[in-house]
Amino acid sequence: MPRFRLAGTTCRSIFLIFSLLTVAHAQPSVASVPAVRTADGSPLAQDIAAAGRLRMQSQRLAKLYQQAVMGLNATPAQQQIALAVGDADSEFGRLARYGKKPAIQRTWSRSDALWQELRAVLKKAPNAASTERVNQLADELMLHTGKLAMQIEAEAETPVGRLLDQSSRLNMLAQRLARLYLQAQGGDRSQGVLTDIEQARKEFATGLHELDTARENSSVSRENIALARNQWIFFDSAISRMGNASRDGKAVLDVATSSERIAQVLDATSAQYVRDYAETSRAAK
């Protein structure tokens, strides 16, 4: 996947982001993307979900950082960055034992190292260089946590593990697409970014269809996917208006807000797959 290239972007001061990165709880008015936590899910399924969530958060954090730099819903974006950092810390803590598994140790260690570097850059004063570095690290973290999710999934014994990984990958793609779109609106209309936008759109549409038509889906899973499909229609419509965004500022705001809604829906879908995995595992015994 091509690494993005950042054109010069005027960065606004967002000093609040630095203090918020150390806050354990955000303001009550800010809705966050809830972590997948299901009491009836198997530990392995929850681990797959955790790795997938880290992959998604890599792109979501870069998107939120871009929003803050652009002054687009800046205060909520800053608060969401603080929440997402805490969430990622928790997920890495959950997966720490994989750092001792010979087959996965290298991937986990590299993912953790990238996360620590990204976490540090998020605390720096925003400028063209820090924004570029955030995106570079986000893309590297996306690749390594994606590999981590696949390696953990390989230990699963049912196809539901594959669907869980796929649902979390779709969530990452939606966040990546929103990030690239905002990058373009921030001034980077390079061919590489425009190509990546179209690639992400196609991959999401294809992946959503494959997930929707998977025969292993439970009825509840299908209902969640239907909600995701409805959100995608709205989200994709806003992306398609990119050429008119200078005259239609609503499209930019729609991408920022609808990408958060689709994250919530797909996170709920992943949570349902965790439950489905537990049911399938019990039935197989």
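**Note on an all-helix predicted model**

1. G146 lies in helix α5, and this glycine of what is a predicted model makes a convenient place to begin reading the fold. With a relative accessibility of 7%, G146 counts as buried, because buried is taken to mean under 20%. Leaving out residues up to four places away in sequence, G146 touches R55 and L141. In addition, G146 and D165 are separated by 19 residues in sequence, while their C-alpha atoms are 8.8 Å apart in space.

2. The neighbourhood of G146 leads on to the pairing of α5 with α6. These two helices pack at an angle of about 175°, and their axes are 11 Å apart. Since an angle over 145 degrees counts as roughly antiparallel, α5 and α6 are therefore roughly antiparallel to each other. On the α5 side the contact is made by N135, A138, D139, M142, A149, M150 and E153, which meet G161, R162, D165, M172, R176, R179 and Q183 in α6. Sorted by class, the residues of this contact are 5 nonpolar, 3 polar and 6 charged.

3. It helps at this point to step back to the whole chain. The protein chain has 9 helices and 0 strands, so a reader following the elements from the N terminus on will find the order α-α-α-α-α-α-α-α-α. Of its 285 residues, 55% count as buried. Among the contacts in the chain with a separation of 6 or more, 82% are accounted for by residues 24 or more positions apart.

4. The interior deserves a paragraph of its own. In soluble globular proteins, nonpolar side chains tend to be buried together. Here the largest nonpolar core has 77 residues, and those with the most contacts inside it are L95, W115, I152, Y181, I197, F204 and F235. The elements that give two or more residues to this core are α2 (43-70), α3 (74-94), α4, α5 (128-153), α6 (160-185), α7 (191-212), α8 (219-240) and α9 (249-284). The largest contribution to this core is that of α2, with 15 residues.

5. Which residues is I152 in contact with, leaving aside its neighbours within four places in sequence? They are L44, D47, I48, A51, L95, Y98 and I104. One of these partners, L95, is itself listed with I152 among the residues that have the most contacts inside the core.

6. Helix α4 spans residues 105-121, and T107 is found in it. Is T107 buried or exposed? T107 is buried, because its relative accessible area of 5% falls under 20%. Apart from its neighbours within four places in sequence, T107 is in contact with H144, K147, L148 and Q151.

7. The same helix, α4, also packs against α3, at an angle of about 160° and with the axes 12 Å apart. The two are therefore roughly antiparallel to each other, and their crossing is left-handed. The residues that meet are V85, A88, D89 and F92 in α3 and W108, S111, D112, W115 and R119 in α4. By class, the residues of this contact divide into 5 nonpolar, 1 polar and 3 charged. W115 also appears among the residues with the most contacts inside the largest nonpolar core.

8. A further pair is that of α6 and α7, which pack at an angle of about 155° with their axes 9 Å apart. These helices, too, are therefore roughly antiparallel to each other, and α6 passes α7 in a left-handed crossing. The contact of α6 with α7 has 14 nonpolar, 4 polar and 6 charged residues. In the loop between these two helices lies G186, which counts as buried because its 18% relative accessibility is under 20%. G186 and Q67 are 119 residues apart in sequence, yet 9.2 Å apart in space from C-alpha to C-alpha.

9. A last point concerns backbone geometry in another loop. N73 is placed in the loop between α2 and α3, and N73 has a positive phi of about 50° although it is not a glycine. How does the accessibility of N73 class it: what label does 36% receive? N73 counts as partly exposed, because 36% lies between the limit of 20% for buried and that of 50% for exposed.

Notes
Residues numbered from 1 in each chain as written. Predicted model: local features only at pLDDT ≥ 70, side-chain atom pairs only at ≥ 80, totals over all residues. Heavy atoms only, no water. Helix = DSSP H or I, 4+ residues; strand = E, 2+ residues; numbered from the N terminus. Buried < 20%, exposed > 50% of the residue type's maximum accessible area, 1.4 Å probe, protein only. Contact = heavy atoms within 4.5 Å. Core = buried A, V, L, I, M, F, W, Y, C linked by side-chain atoms within 4.5 Å. Axes fitted to C-alpha atoms, helices over the stretch in contact; angles between N-to-C directions. Parallel < 35°, antiparallel > 145°, perpendicular 65-115°, else oblique. Left-handed = near helix turned anticlockwise from the far one by under 90°. Nonpolar A, V, L, I, M, F, W, Y, C, P; charged D, E, K, R; others polar.
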